[in-house]
Amino acid sequence: MKYWLLKSEPDAYSYSDLESAPNQRTLWDGVRNYQAAKLLKNEMQVGDLAFFYHSSCKVPAVVALCRITRTGITDPTSLDPQSRYYDPKSSAEQPRWITVEVAADAPLPRAVSLKELKQQPELQDMVLLNNGRLSVQPVSPQQWQFILQLAHNSSH
DNA sequence: GCCAACGTTGGC
DNA sequence: GCCAACGTTGGC
């Protein structure tokens with residue numbers, strides 16, 4: 001099983017939006033950064049776990065856990081001429097953008113802020129801290145466990 | 001609102 | 001294929 005971090009701007013789509021979605025699930029569509037799209041298409045597997053990260057907001061932070069429930073899904077926005085993510089080179093027969101379905105799992109006992117993550121020597125290699133713009137990124141098992149421990153540590 | 005970091009585009 | 005110009009992301 002692999003671990004991931006999924007970024008979303010809470011003003012656009014927050015974790016509570018995911019919790020109130022049908023079946024608490026959504027398609028992670030509209031990702032057009034090639035590196036991020038490649039992970040969605042080729043690397044994610046059903047059962048993988050992901051942190052839900054709130055970006056571009058007052059307190060950027062890891063706020064919740066979710067999981068990958070379906071893979072290999074054609075990104076519907078790429079086929080919709082009305083969408084800002086429409087890609088005329090993509091078609092149902094030969095889709096160019098493949099994504100996954102994500103289900104809410106649980107909020108973390110407390111959110112772990114970017115500021116706090118930056119203070120941890122154990123996390124200095126985290127992609128989030130080295131390529132802040134990548135919206136879908138891998139998390140190592142060590143990083144995953146460490147952040148979970150931080151979230152369960154109520155001394156903050 | 002600023003700006004650094006990064007990605008994309010397009011002329012050559 | 002290089003690289004300047006431009007656009008976007010996202011923290012602060």
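**A walk from a buried threonine to two DNA strands**

At 1% relative accessibility, Thr99 counts as buried (buried is under 20% relative accessible area, exposed is over 50%, and partly exposed is in between, using a 1.4 Å probe and protein chains only). Before going on, keep in mind that this is a predicted model, where local features need pLDDT of at least 70 and side-chain atom pairs count only at pLDDT 80 or more, while totals for chains, interfaces and linings use all residues. Residues are numbered from 1 along each chain as its sequence is written, chains are lettered from A and ligands numbered from 1 in the order in which they are written, and side-chain values use heavy atoms, with hydrogens and water left out.

Back to Thr99, which sits in strand E5 (strands, E, are DSSP runs of at least two residues, and helices, H or I, of at least four, numbered from the N terminus). What does the side chain of Thr99 reach at 2.5 Å? That would be the backbone oxygen of Trp28. Thr99 also touches Trp28, Asp29, Leu40, Thr71, Gly72, Ile73 and Asp75, leaving aside residues up to four places away in sequence; contact here means heavy atoms within 4.5 Å.

Strand E5 covers 98-113, and the loop between it and strand E4 (61-74) holds Ser78. Being in a loop doesn't put Ser78 on the outside: its relative accessible area is 0%, so it counts as buried. With residues up to four places away in sequence again not counted, Ser78 touches Arg32, Tyr85, Tyr86, Asp87, Ser90 and Trp97.

Now the cysteines. The structure holds zero disulfides, a disulfide being a pair of cysteine sulfur atoms within 2.5 Å. Cys57 is in none, and its nearest cysteine sulfur, that of Cys66, is 15 Å away. Why is Cys66 left unbonded? Because the closest cysteine sulfur, in Cys57, is 15 Å off, which is too far for a bond. Their surroundings are worth a look too: Cys66 is buried at 0% relative accessible area, whereas Cys57 is partly exposed at 27%.

On to the DNA. Around strand C you'll find Lys7, Tyr53, Ser55, Ser56, Pro60, Leu114, Lys118, Gly132 and Arg133, where being near a strand means having a heavy atom within 4 Å of it. By class, that surface has three nonpolar, three polar and three charged residues (Ala, Val, Leu, Ile, Met, Phe, Trp, Tyr, Cys and Pro count as nonpolar, Asp, Glu, Lys and Arg as charged, and the others, Gly among them, as polar). Of the atoms of DNA strand C within 4 Å of the protein, 78% belong to sugar or phosphate. Phosphate oxygens of this strand lie 2.8 Å from a polar side-chain atom of Lys7, 2.8 Å from an N or O atom in the side chain of Tyr53, and 2.7 Å from a polar backbone atom of Ser56.

DNA strand B is surrounded by Asn33, Gln35, Asn130, Asn131 and Arg133. This surface has no nonpolar, four polar and one charged residues. Sugar or phosphate accounts for 62% of the strand B atoms within 4 Å of the protein, and bases for the rest. Gln35 has a side-chain N or O atom 3.4 Å from a phosphate oxygen of DNA strand B, while Arg133 has a side-chain N or O atom 2.5 Å from a base oxygen.

Note on methods:
Polar contact = N/O pair within 3.5 Å; in protein donor to acceptor, adjacent residues only side chain to side chain.
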